[in-house]
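Colleague: Could you take me through one part of this model, slowly enough for a first-year student? I'd like a close look at the empty space inside it.

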Amino acid sequence: MPTLATTASHAHIVETLGRRIVGGELPPGTGLTLAGLEESFTASRTVVREAVRVLEAHGLLTSRRRVGLVVRPQAEWDILNADIIEWSLDSPRRRDVLIELTDLRVAVEPVAARLAAERAGDAERDELVRWATLLSDLGNQGLGDSDEYLDADIAYHRLLLKASGNALFEKLGDPIAEILRGRSVRGLTPGMPRVGTLEAHLATAQAIRDGREADAEASAREHLTLVSGEVEEV
């Protein structure tokens, strides 16, 4: 790692090391020392320790007596952490990570849609239809890659998970938002969504509004099947 001309900030150290670990430049088992990091980043021991604590919390590093810091195996990473998702999308594993994260959505969101059709409040049902309608309007204008579309898409999926009434599903709102944001900012979201995705989005919201549980689940699954096809083309 090159020595920086100025003292590195805590955030810079976290991002630089995190990207190097997630990107494979520092593979599992690689040893690091606080003294070495201080020298590389021309940073104080306090700043380096703060950065290391963040990376330990992410599951990327562990401290071992008489050894120092060691890069942990990928299986021990907090892979749903927003930072790790972002760094993964800039790594050689981008396509694999997108597929894995989309597989998670396929497993969860159709069930969340069915539960939302059963449990959502009236305001949530109406709001889901409003977001889905906006997504349809924007997508049909070829604005599927716009910031406005992204904001609406994140809002829709966060609300879908919340409306399921399952607290564990709701906790997936942040990582799913990061997936959607990550695809969009990297130019991986098409301006004109794949045929059928907008219709499936709207059909899901309408089924939830009407309390049609099986239809909500089926439409959400259809939507994500189409999204999977987009992701596999990356």
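Modeller: Here is a walk through the cavities, followed by the largest pocket and the two helices beside it.

Keep in mind that this is a predicted model. The basic idea is simple: rolling a probe the size of a water molecule over the atoms shows where empty space is left.

Let's start with the closed spaces. Searching the whole structure turns up two cavities of 30 Å³ or more. The largest cavity holds about 220 Å³ of space. Its lining is made of 18 residues, and the ones nearest its centre are Tyr-149, Asp-153, Arg-183, Thr-189 and Glu-230. If you want to find the walls, look at α7 (147-163), α9 (173-185), α10 (197-210) and α11 (213-232), the elements that each give two or more residues to this lining. Helix α7 has the largest share, with four residues. As for chemistry, the lining of the largest cavity splits into seven nonpolar, seven polar and four charged residues.

Now for the second largest cavity, with about 50 Å³ of space. Around it you'll find Glu-109, Tyr-156, His-157, Leu-160, His-201, Thr-204, Ala-220, His-223 and Leu-224. The elements giving two or more residues here are α7, α10 and α11. This lining sorts into four nonpolar residues, four polar ones and one charged one.

Next comes the open kind of space. The largest pocket has about 160 Å³ in it. Its lining consists of Gln-74, Trp-77, Ile-79, Leu-80, Ile-84, Ile-85, Ser-88, Arg-93, Val-97, Glu-100 and Leu-101. Two elements, α4 (82-89) and α5 (94-119), supply two or more residues each. By type, the pocket lining has seven nonpolar, two polar and two charged residues.

So how do those two helices sit against each other? Two packed helices are described by the angle between their axes and the distance between the axes. For α4 and α5, the axes come within 8 Å and cross at roughly 135°. That angle is why α4 counts as oblique to α5. Where they meet, α4 brings Ile-85, Ser-88 and Leu-89, while α5 brings Arg-94, Val-97, Leu-98 and Leu-101. The residues of this contact divide into five nonpolar, one polar and one charged.

Try picking out Ile-85, Ser-88, Val-97 and Leu-101 in the viewer: these residues are in the contact of α4 with α5, and they also line the largest pocket.

Definitions and conventions:
Residues are numbered from 1 along each chain as its sequence is written. This is a predicted model: local features need pLDDT of at least 70, side-chain atom pairs count only at pLDDT 80 or more; totals for chains, interfaces and linings use all residues. Side-chain values use heavy atoms; hydrogens and water are left out. On a 1 Å grid over the protein atoms alone, a cavity is a set of points where a 1.4 Å probe fits but cannot get out, and a pocket is an open set with protein on both sides within 12 Å along at least five of seven lines; lining residues have an atom within 4 Å of a point. Grid points are joined across faces, edges and corners, and a volume is the space filled by probe spheres set on the points. Ala, Val, Leu, Ile, Met, Phe, Trp, Tyr, Cys and Pro count as nonpolar, Asp, Glu, Lys and Arg as charged, and the others, Gly among them, as polar. Axes are lines fitted to C-alpha atoms, for helices over the stretch in contact, and angles run from 0 to 180 degrees between N-to-C directions. Angles under 35 degrees count as roughly parallel, over 145 as roughly antiparallel, 65 to 115 as roughly perpendicular and the rest as oblique. Contact means heavy atoms within 4.5 Å.
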